[in-house]
Structures are given as C-alpha cells and as structure tokens.
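Please look over the notes below with the sequence and the model side by side. They take up a sheet, a nonpolar core and a loop residue in turn.

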Amino acid sequence: MTINCAIIDDEPLAAGLLKSYVEKTPFLELIGTYGSAIEAMKELRENPAQLLFLDIQMPELSGIEFAKILPPETKIIFTTAFQQYAIEGYKVNALDYLMKPISYDDFLKSADKALEWFTVARKQQAYATDRFMFVKSDYKLVRVNLDDILYVEGLKDYIRIYLQDGTKIMSLMNMKKIEDYLPHPEFLRTHRSYIVHMKKAEVIDRFRVVFGDQYIPVSDSYKEEVQQFLDLHTLV
C-alpha cells in the first residue's frame, strides 16, 4: 500500500532531508512540505495527509498544539531536537518520535511502523465490514466467519480458534497478531492466553466468561477493559 504523507518543519535543511528520505521510500508519497503548522492547516483541510512528519518547536503553533486539533485518522511521527517532548508526543497518540539529526535508518524504522499501523487498520476495517477472514491451518487457507467465533486460545506459537459449532482451528500465529486484527471492543483480550468474542458471551460467572462447560478467566491485567464493556451492556 501507499501512504500519503506531508512534512511540516520550519527548518529548510531538516525539511529537505526528510523530503529526500520520503522520496526514496517506496511506500510513501509526499503530497506537501510546509514551513509552519499554520500554513499546513490551510492546505491539509482540502488535501488531507494520512501521515505527518511533524516538527514540535515551531513559531505561532507548535507541533504538539497542532496535533491536538488534527482528526484522529491522521497519524503523526514527531521530529525534534529536544528529547523532553517525547512524553507529550505520545500523549497525542504519535506513532513515533524521531530525534534530530535523523538518519535514514531511523526514519525507515518509523516509516515501517506507520506502514504496519495502516495495514492493520485497513484489515481491521475489512474484517469488521466483511465479517470474515482467512487463516493458515494445515497448509491451507481456511475461511473463518467472525460471527462464528466464540473465543481464541493462545498456545505458545500457535492459536486455537473455537467456533460455535464445535469446530477448532489451529494456526501458527501469536496472540498479539490476531488481537490486532480482530475488531475491538467486540473481541477483547481477557487473559494472556484468551481473546473472547464478547457479543457471544451469555454468562459471566465470578468474572469468568462461560461457554458451556468452558470457563474463560479474566486476569487482573485485562479486568478494567472487560468491566468497561460490561458496564455499557448491563442493565442495573
């Protein structure tokens, strides 16, 4: 896939370096370079970028301030010479934080991180809309309808998908990967070894999700998020 990006930096040399990096990265397409957030704000309203390489210290409107008014679908990689801004950057959901002077190796690592994020987001949208996915099992691609999944169990390097008709599908995959791709919060991680299709949960017994005679634990690490889901769907 190709990611449309823009550069916002008031230092011409820094902006020029980033432009050269973008131009030699095959999956990036530069749609604009701007010397200030104010200038970018006017242009990006009509021609939005998916990804911004955004300097933090700029006159009139800082990168942090600009990030706070951007739509959530616009992703950010901050570029700055000041490390103290890192925490503020992650508070506005930046994908990454590049310290100047920026090498191409560091730039490419951040760009790869953005590519992974957009790839996952696109597949999440497709899965949520189409309601199915294919997983590798026994050297075959097996179609799995999301509405048929009860829960997923992690088994070291494998996962086992439990379907409501009793079918179990094994696939060489880690839990993090399938968790990233399944629609959230419809599917919630309840334990390091389990992801539950919450729309299929019929009984919650002492903070365990019950499917027939199978009790899926909810560990302390995931209890708050599960509780938030239950609060939204509980009549008291």
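1. Before turning to the sheet, it helps to know that two strands count as paired if DSSP finds at least two bridges between them. In this predicted model, five strands form an open sheet in the order β10-β9-β8-β12-β11, and their pairing is antiparallel. Because β10 (168–172) and β11 (187–191) stand at the edges with a single partner strand each, one side of each is left without a neighbour in the sheet. From one strand to the next, the twist averages 20°.

2. Within this sheet, strand β8 (residues 149–155) runs antiparallel to strand β12 (residues 194–197), and three bridges join the two. One pair to find on screen is valine 152 and its bridge partner in β12, isoleucine 195.

3. The largest nonpolar core has 20 residues, and those that touch the most other members are Ile8, Leu44, Leu52, Leu54, Phe66 and Phe78. At least two residues of this core come from each of β1 (3–8), α2 (37–46), β3 (51–55), α3 (63–68) and β4 (75–80). If neighbours within four places in sequence are left aside, leucine 44 is in contact with Ala6, Ile8, Tyr34, Ala49, Leu52 and Phe66.

4. Is arginine 206 buried or exposed? Since residues over 50% relative accessible area are called exposed, arginine 206 counts as exposed at 69% relative accessibility. Arginine 206 lies in the loop between β13 (203–204) and β14 (208–211), and its side chain makes a polar contact of 3.2 Å with the side chain of aspartate 205. Although arginine 206 and valine 218 are twelve residues apart along the chain, their C-alpha atoms are separated by 9.4 Å.

Technical notes. Residues numbered from 1 in each chain as written. Predicted model: local features only at pLDDT ≥ 70, side-chain atom pairs only at ≥ 80, totals over all residues. Heavy atoms only, no water. Helix = DSSP H or I, 4+ residues; strand = E, 2+ residues; numbered from the N terminus. Axes fitted to C-alpha atoms, helices over the stretch in contact; angles between N-to-C directions. Buried < 20%, exposed > 50% of the residue type's maximum accessible area, 1.4 Å probe, protein only. Polar contact = N/O pair within 3.5 Å; in protein donor to acceptor, adjacent residues only side chain to side chain. Core = buried A, V, L, I, M, F, W, Y, C linked by side-chain atoms within 4.5 Å. Contact = heavy atoms within 4.5 Å.
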